[in-house]
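Work through the following exercises with the sequence and the model at hand. Each task is followed by a solution in steps.

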Amino acid sequence: MKEILAKLLNHEELSREEMKDILVGITHSEYPNEQITALLTALQMRGVSVDELLGFRDGILETGVPVPLDCDRYIDVVGTGGDRKNTFNISTTSCFVIAGAGYKVAKHGNYAATSTSGASNVIAQHGVRFTDDLEQLNRCMAECGIVYLHAQLFAKAMKFVGPIRKALPFPTIFNLLGPLVNPSQPSCQLLGVANLDQMRLYHQVYQRLGIDYGIVNSIDGYDEISLTGDFKVTTKQYEHIYKPSDLGFATAKPEELVAGATELEAKEIFDSVLENRALPAQKDIVLANAAFGIQVLEGGKKDINECIAIARESIDSGAALHTFKKFVELNS
């Protein structure tokens with residue numbers, strides 16, 4: 001590790017293999033906390049390279065619990081988090097809309113770090129018990145088209161750096177890893193990022209991984225399509241900046257996206273969207289995010305307006321709600 005730190009002090013980048021070896025070494029308690037802290041600080045000050053991010057990803061997947069699902073094509077919809085906007089569970093709600101439309105979803109998530117309710121919070125509020133049992137996960141995918149993978153059951157490496165991350169007053173490379181370490185390794189992903197620098201980084205990462213992807217960023221700093229203003233979408237096929245009106249949506253007000261002050265309030269918004277009784281802006285935001293997820297699953301072959309219509313039908317027909325109720329029944 002001293003040699004690694006000397007490289008970083010000399011402004012050198014680390015290779016993908018070096019970073020994977022470091023991560024594996026961390027899980028074997030090979031380095032003192034002071035050296036790990038120095039490593040994370042140096043990487044943050046310089047900025048993480050694509051190879052460095054991929055190397056840590058390789059290490060987390062290698063030391064974690066794999067989830068080989070009996071399904072060829074499915075998506076994860078996820079945000080980087082940390083935008084400090086305290087939005088309701090837009091990605092998670094979108095996942096059930098996508099599944100309700102007949103597509104397959106493997107949602108990877110955790111408890112909230114900076115907001116009222118993370119994916120695991122809102123799902124646990126419904127009495128769901130998290131599992132890493134592969135037979136149960138595959139049964140759930142077969143019967144309702146969606147599984148939920150609670151990150152703490154799978155990424156074993158994270159517990160080794162938890163205290164260090166809490167002690168540091170800034171985000172680290174681990175904040176960038178969450179969207180990349182879904183243990184089922186989906187071939188499709190819709191990722192929300194909080195700024196355009198992150199969009200460029202993940203764009204390069206996804207190109208290296210060779211998966212189908214969409215990366216979205218609202219220009220006013222939301223790590224999802226917020227409809228509060230213009231937003232940018234980058235996929236394998238195109239880059240485009242949209243206005244909400246381009247897709248037939250009204251511009252949303254920031255207060256219409258807020259999760260509320262408690263997990264129960266966030267749960268109520270989640271339920272209201274699936275039950276088709278939410279504020280128009282809340283429904284529209286979920287439709288927009290779900291639609292771009294559907295477009296990724298379709299390999300860019302469907303027009304985004306057609307994808308919006310598919311997502312709308314999932315909610316309006318009750319299919320999204322039926323899918324969620326079946327999911328809860330199978331996992332309670």
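**Exercise 1. Which residue in β3 does Gly 109 stand opposite, and in which sense do β2 and β3 pair?**

Step 1. In this predicted model, Gly 109 faces His 150 of β3.
Step 2. Gly 109 belongs to strand β2, residues 105-109, and this strand pairs with β3 in the parallel sense. The pairing runs over 5 bridges.

**Exercise 2. Sort the residues of β3 by the way they point, and state whether the strand is enclosed or open.**

Step 1. Ile 146, Tyr 148 and His 150 point one way from the strand. Val 147 and Leu 149 point the other way.
Step 2. Both sets are buried. The count for strand β3 (residues 146-150) is therefore 5 of 5 buried, so the strand is largely enclosed by the rest of the structure.

**Exercise 3. Find the strand that pairs with β1, then decide whether Cys 188 is in a disulfide.**

Step 1. Strand β1 covers residues 75-79, and 4 of its 5 residues are buried.
Step 2. The partner is strand β4, residues 188-192, which runs parallel to β1 and is joined to it by 5 bridges. Within this pairing, Ile 75 has Cys 188 as its bridge partner in β4.
Step 3. Cys 188 is buried, at a relative accessible area of 0%. The closest cysteine sulfur to that of Cys 188 is in Cys 71, at 9.8 Å, which is too far for a bond. A disulfide would need the two sulfur atoms within 2.5 Å.
Step 4. Cys 307 is in no disulfide either: its nearest cysteine sulfur, in Cys 188, lies 12 Å away. Cys 307 is buried as well, with 0% relative accessibility.
Step 5. The structure as a whole holds 0 disulfides.

**Exercise 4. Check the span of helix α2 against expectation and list what covers its buried residues.**

Step 1. Helix α2 (residues 16-27) has 12 residues, and at 1.5 Å a residue it should span 16 Å. The expected span counts one less than the number of residues.
Step 2. The end C-alpha atoms of α2 are 17 Å apart, which agrees.
Step 3. The buried residues of α2 are Met 19, Lys 20, Ile 22, Leu 23, Val 24, Gly 25, Ile 26 and Thr 27.
Step 4. Their cover includes helices α1 (2-9), α3 (33-46), α4 (50-63), α8 (158-167) and α9 (173-177).
Step 5. Just after the helix, Ser 29 takes a positive phi of about 55°.

**Exercise 5. Trace the salt bridges of Arg 277, then describe the one between Lys 283 and Asp 316.**

Step 1. Arg 277 forms a salt bridge with Glu 268, with the closest N and O atoms 2.8 Å apart. Arg 277 also forms one with Glu 275, where that distance is 2.7 Å.
Step 2. Arg 277 is partly exposed, at 44% relative accessible area. Glu 268 is partly exposed at 38%, and Glu 275 is partly exposed at 38%.
Step 3. Lys 283 forms a salt bridge with Asp 316, the closest N and O atoms being 2.7 Å apart. This pair links distant parts of the chain, 33 residues apart: Lys 283 is in helix α12 (residues 280-297) and Asp 316 in helix α13 (residues 304-316).
Step 4. Lys 283 counts as buried at 14% relative accessibility, whereas Asp 316 is partly exposed at 40%.

**Exercise 6. How many salt bridges does the structure hold, and which residues does the network of Arg 139 link?**

Step 1. The structure holds 20 salt bridges.
Step 2. Arg 139 is linked with Glu 143, Lys 326 and Glu 329 in a network of salt bridges.

Technical notes. Residues numbered from 1 in each chain as written. Predicted model: local features only at pLDDT ≥ 70, side-chain atom pairs only at ≥ 80, totals over all residues. Heavy atoms only, no water. Salt bridge = Lys/Arg side-chain N within 4 Å of Asp/Glu carboxyl O. Buried < 20%, exposed > 50% of the residue type's maximum accessible area, 1.4 Å probe, protein only. Helix = DSSP H or I, 4+ residues; strand = E, 2+ residues; numbered from the N terminus. Pairing = 2+ DSSP bridges. Contact = heavy atoms within 4.5 Å.
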